[in-house]
Amino acid sequence: MALQLPKAVQSFIDDQARRTPPERRNIYVCGDCKGHVVTRDRDYGVTPFMIGCKATAGCKGHMQSSLYRVFDQSVAAKFEWYRPETLNGLTSGEATHVKMGGLLLRRISHA
């Protein structure tokens with residue numbers, strides 16, 4: 001069964017979809033190692049301002065969003081924000097985040 005979001009959340013996402021370009025890019029920069037990663041939005045929804053470091057193996061720092069100020073939107077992304085089709089297998093926190101319109105992050109696999 002497909003994931004059904006509350007009506008108010010779905011309405012917000014639909015409004016954002018009308019005003020936001022698809023596949024939008026963002027850059028997250030780590031405050032500790034100074035590494036960065038580029039993400040793309042596969043789906044419309046809410047993404048966090050800060051995430052754990054994904055740039056350097058073993059780094060325990062936190063990465064901060066550039067707030068989508070990426071001038072070259074064709075830059076290659078290594079991660080994408082997506083909405084899962086079900087809540088199966090998610091932690092309680094992840095499920096709550098998704099129910100409120102949040103997206104999850106995954107590495108992009110290039111087949």
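## A walk from Ile 13 to the sheet

Leave out residues up to four places away in sequence, and Ile 13 touches Leu 5, Tyr 44, Gly 45, Arg 83 and Gly 101, where contact means heavy atoms within 4.5 Å. One of those partners, Arg 83, sits 70 residues from Ile 13 in sequence, with 11 Å between their C-alpha atoms. Ile 13 itself belongs to helix H1, residues 7-19. Helices (H or I, at least four residues) and strands (E, at least two) are DSSP runs, numbered from the N terminus. With a relative accessible area of 5%, Ile 13 is buried. That label means under 20% relative accessible area, while exposed means over 50% and partly exposed lies in between, with a 1.4 Å probe and protein chains only.

A quick word on what you're looking at: this is a predicted model, in which local features need pLDDT of at least 70 and side-chain atom pairs count only at pLDDT 80 or more, while totals for chains, interfaces and linings use all residues. Residues are numbered from 1 along each chain as its sequence is written, and side-chain values use heavy atoms, with hydrogens and water left out.

Now for the sheet. Six strands make an open sheet in the order S3-S4-S1-S2-S5-S6, with mixed pairing; two strands count as paired if DSSP finds at least two bridges between them. At the edges are S3 (50-52) and S6 (104-107), and each has a single partner strand, so one side of each has no neighbour in the sheet. From one strand to the next, the twist averages 35°; axes are lines fitted to C-alpha atoms (for helices, over the stretch in contact), and angles run from 0 to 180 degrees between N-to-C directions.

Strand S5 (79-82) is a good place to stop. On the S2 side, S2 (residues 36-41) and S5 run parallel and share three bridges. Thr 39 has Phe 79 as its bridge partner in S5, and Arg 40 has Glu 80. With S6, S5 pairs in the antiparallel sense over four bridges, and the partner of Tyr 82 there is Leu 104. What about the faces of S5? Both are covered: Phe 79 and Trp 81 on one side, and Glu 80 and Tyr 82 on the other, are all buried.

Just past that edge strand, Ile 108 lies in the segment after S6. Ile 108 counts as buried because its relative accessibility is 10%. Setting aside neighbours within four places in sequence, Ile 108 is in contact with Arg 40, Ala 77, Lys 78, Phe 79 and Glu 80. The C-alpha atom of Ile 108 is separated by 22 Å from that of Lys 34, 74 residues away along the chain.

Lys 34 takes us to the loops. This residue is in the loop between S1 (25-30) and S2, and has a phi near 70°, a positive value in a residue other than glycine. Lys 34 is exposed, at 58% relative accessible area. Tyr 68, in the loop between S4 and S5, also isn't a glycine, and its phi is positive at about 65°. Tyr 68 is buried, however, with a relative accessible area of 19%.

Leu 67 is found in the loop between S4 (62-65) and S5. Together with Phe 49 and Met 50, Leu 67 forms a nonpolar surface patch of about 290 Å² accessible area.

Technical notes
Patch = residues over 30% accessible without salt bridge, like charges linked within 9 Å, V, L, I, M, F, W, Y side chains within 5 Å. Areas by Shrake-Rupley, 256 points an atom, 1.4 Å probe, with all protein chains shown as cover. Salt bridge = Lys/Arg side-chain N within 4 Å of Asp/Glu carboxyl O.
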